[in-house]
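Thank you all for making time for this. I would like to walk through one small example slowly, so please keep the picture in view while I talk.

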Amino acid sequence: MPDLTDEDIQTLARAAGVTIPQDLVAEVGYSLNGVLEALDNIDIPGLDEIEPLPIIRPAPSTGEA
């Protein structure tokens, strides 16, 4: 997987509602690309054969009784 560019990182941050100051984008990119590289090296035999479970989140409480 190619490294994320500064533009990729800023786009992902905006999509997540996060603001990264311009002077920290390179540092965040270095860390994020390192994590992605480490995750890419994880190989669990048979993992591709397992169907993912849906994520079901409880509805937010309305405060009504």
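Let me begin with Gln10, which counts as buried because its relative accessibility is 15%, and the cut-off for buried is under 20% relative accessible area. Before I go further, I should say that what you see is a predicted model, so please hear everything that follows as a description of that model.

Where does Gln10 sit? Gln10 belongs to helix α1, and if we leave aside residues up to four places away in sequence, Gln10 touches Ile20, Gln22 and Val25.

Now let us step back to the whole chain. The protein has two helices and zero strands, and 12% of its 65 residues count as buried. Its radius of gyration is 18 Å, whereas a compact globule of 65 residues would have one near 11 Å. If you follow the C-alpha trace along its principal axes, the trace spans about 50 × 40 × 15 Å.

How do the two helices, α1 and α2, lie relative to each other? The axes of α1 and of helix α2, which covers residues 25–40, come within 10 Å and cross at roughly 90 degrees, and α1 and α2 are therefore described as roughly perpendicular to each other. On the α1 side the contact is made by Asp6, Ile9 and Gln10, while α2 brings Val25, Ala26, Val28, Gly29 and Leu32. Sorted by character, the residues of this contact are five nonpolar, two polar and one charged. So Gln10, where we started, is one of the residues of that contact.

Which residues make up the largest nonpolar core? That core has five residues in all, namely Leu4, Ile9, Ala13, Ile20 and Val25. Take Leu4 from that group: again not counting residues up to four places away in sequence, Leu4 touches Ile9, Leu12, Leu32, Asn33 and Leu36.

Asn33, from that list, lies in helix α2. Is Asn33 buried or exposed? Asn33 counts as buried, because its relative accessibility is 13%, and its contacts, with the same sequence neighbours left out, are Asp3 and Leu4.

Asp3 gives us a contrast to follow. Asp3 is placed in the segment before α1, which itself runs over 6–15, and Asp3 is exposed, with a relative accessible area of 56%. Asp3 and Glu27 are 24 residues apart along the chain, and their C-alpha atoms are separated by 13 Å.

For another exposed residue we can turn to Glu37 in helix α2, where the relative accessible area is 54%. Glu37 and Met1 are 36 residues apart in sequence, and from C-alpha to C-alpha they are 7.8 Å apart in space.

My last residue is Thr19, which is placed in the loop between α1 and α2. Why does Thr19 count as exposed? Thr19 counts as exposed because its relative accessibility is 73%, and the cut-off for exposed is over 50%. How many residues apart in sequence are Thr19 and Leu53? They are 34 residues apart in sequence, and in space their C-alpha atoms are 31 Å apart.

To close, I would ask you to look once more at Gln10, buried at 15% relative accessibility, and to find its contacts with Ile20, Gln22 and Val25 for yourselves.

Methods: Residues numbered from 1 in each chain as written. Predicted model: local features only at pLDDT ≥ 70, side-chain atom pairs only at ≥ 80, totals over all residues. Heavy atoms only, no water. Core = buried A, V, L, I, M, F, W, Y, C linked by side-chain atoms within 4.5 Å. Buried < 20%, exposed > 50% of the residue type's maximum accessible area, 1.4 Å probe, protein only. Contact = heavy atoms within 4.5 Å. Helix = DSSP H or I, 4+ residues; strand = E, 2+ residues; numbered from the N terminus. Axes fitted to C-alpha atoms, helices over the stretch in contact; angles between N-to-C directions. Parallel < 35°, antiparallel > 145°, perpendicular 65-115°, else oblique. Nonpolar A, V, L, I, M, F, W, Y, C, P; charged D, E, K, R; others polar. Rg over C-alpha atoms; globule rule 2.2 N^0.38 Å.
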